[in-house]
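I opened this notebook to record what I looked up around the ligand, in the cavity and along the backbone. The entries follow in that order.

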Amino acid sequence: MSTILVTGGAGFIGSHTCKALSAAGLQPVVIDNLSTGFRHNVKWGPLIEGDVGDRTLLNQIFLEYPVAGVIHFAASTYVGESMSVPLQYYRNNVAATLNLLEAITAHGSPPLIFSSSCATYGIPVGPLAEDHPQNPVNPYGWSKLMCERLILDTAMAHGLRAAILRYFNAAGADPDGELREEHDPETHLIPLAVGAALGTRPPLKVFGTDYPTPDGTCIRDYIHVSDLASAHVRALGELQGGSPGFIRNLGTGRGHSVAQVLEAIAAVTGRPVAHELHPRRPGDPPALTAPVSEEVSAGLRFPGLSAIINSVTGRLHDA
Ligand code: UFG
């Protein structure tokens, strides 16, 4: 069974990917400092509690396990927070990725999959295809773009095969109920809005109703986290099958406004989403949707808001 090192495997997308790796017959080994992830999410292989910035620990892991691939999720991921503590973002994201790349190249350069973001594009000046100019508007986006550069240069110089996956809005939860989204504090629209509908959270603050969109609220491309997870397993297979590497948007190709999300939640739960109208949240672009390749859209098992919302409400009812 091939061993895949998963950094940040105790987090939201990382843990769902570990489940998908295991289902595909691969053995995830997680390194996570548990700063935002949870020990109980690591169910499909060992957890090494530690930091990707710890080079000694990385060397030990590469010596102990026959690592056949690396998936690098570990990162700080809040756009707003990155504006107030940028150096923390550059250390956790950029410096740690540099450290990881040094360890990877020192240990045979197994293929690498990197969690990047549509935040690397900045304000859209056209469809956000993979060749759209990258001009981030916050330190989080810059940190991810710097990591992309580090990886591309390493690939060029050392023959590392790498896939850079740019996520749009990850949402939903494991349909089997083994995992869920549990950020603390939660800032994401769908869990907050579902909680507002079910009465487990306060009324949702709708940030901005005067955007240049059809209903005035922001549009995002929400992709089910289990579909994101499967896309990592496929990307790994492509790299292990000899692909030299690629950059790929991971979205569904369809955008939904905040108002449409609230309508969909009301339709699924049978309860209106209690909400209040607030001013815009700083740093929010009006619309971010992914033109996605045929292979990405063909791989979606849970397209559409209903599947996402059902997977979230199912867990909340069980909790
Ligand atoms: N929103 C609200 N009220 C809330 C929370 C969100 O109205 O309480 C709105 C936001 O203003 C935005 C939309 O819902 O228009 C989606 O917001 P999220 O916070 O759920 O997601 P973001 O699009 O802000 O962030 C996501 C990822 C980031 C990534 C970013 C890229 O969570 O990690 O996309 O732009 F960097």
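Entry 1, polar contacts. I count a polar contact where a pair of N or O atoms lies within 3.5 Å. The model I examined is predicted. With that cut-off in hand, I looked up the side chain of Arg281, which has an N or O atom 2.7 Å from an oxygen atom of the ligand. I then turned to Arg220, where a polar side-chain atom lies 2.9 Å from an oxygen atom of the ligand. For Lys205 the backbone is involved: one of its N or O atoms there is 2.7 Å from a nitrogen atom of the ligand. I also looked up the ligand surface: taken alone the ligand exposes 690 Å², and the protein buries 90% of that.

Entry 2, the shell around the ligand. I found 22 residues around the ligand, of which His188, Leu189, Lys205, Arg281 and Asp284 come nearest. Lys205 thus appears here as well as among the contacts of the previous entry, and so does Arg281. I sorted the shell by class and obtained 13 nonpolar, five polar and four charged residues. By element, helix 6 (189–198) and strand 8 (204–207) each supply at least two residues of the shell. Strand 8 has the largest share, with four residues.

Entry 3, the cavity. I searched for cavities of 30 Å³ or more and the structure holds one. I noted a volume of about 30 Å³ for the largest cavity. Its lining consists of Ile223, Asp227, Ala231, Arg234, Leu250, Val296, Gly299 and Leu300. I recorded helix 7 (residues 225–240) as the element that gives the most to this lining, with three residues. By class, I list five nonpolar, one polar and two charged residues for the lining.

Entry 4, the backbone. I looked up the peptide bonds and noted that the one from Asp184 to Pro185 is cis, with omega near 5°. Pro185 is placed in the loop between strand 7 (169–171) and helix 6, and helix 6 is an element I had already met in the shell around the ligand.

I next noted residues with a positive phi that are not glycine. Leu34 has a phi of about 60° and sits in the loop between strand 2 (27–32) and strand 3 (47–49). Ser109 has a phi of about 50° and lies in the loop between helix 4 (86–106) and strand 5 (112–117). Is Ser109 buried or exposed? I enter Ser109 as buried, because its relative accessibility is 17% and the cut-off for buried is under 20%.

Key: Residues are numbered from 1 along each chain as its sequence is written. This is a predicted model: local features need pLDDT of at least 70, side-chain atom pairs count only at pLDDT 80 or more; totals for chains, interfaces and linings use all residues. Side-chain values use heavy atoms; hydrogens and water are left out. A residue is near a molecule or strand if one of its heavy atoms lies within 4 Å of it. A polar contact is a pair of N or O atoms within 3.5 Å; within protein, one must be able to donate a hydrogen and the other to accept it, and residues adjacent in sequence count only if both atoms are side-chain atoms. Accessible areas come from the Shrake-Rupley method with a 1.4 Å probe; for residues, only the protein chains shown count as cover. Ala, Val, Leu, Ile, Met, Phe, Trp, Tyr, Cys and Pro count as nonpolar, Asp, Glu, Lys and Arg as charged, and the others, Gly among them, as polar. On a 1 Å grid over the protein atoms alone, a cavity is a set of points where a 1.4 Å probe fits but cannot get out, and a pocket is an open set with protein on both sides within 12 Å along at least five of seven lines; lining residues have an atom within 4 Å of a point. Grid points are joined across faces, edges and corners, and a volume is the space filled by probe spheres set on the points. Buried means under 20% relative accessible area, exposed over 50%, partly exposed in between (1.4 Å probe, protein chains only).
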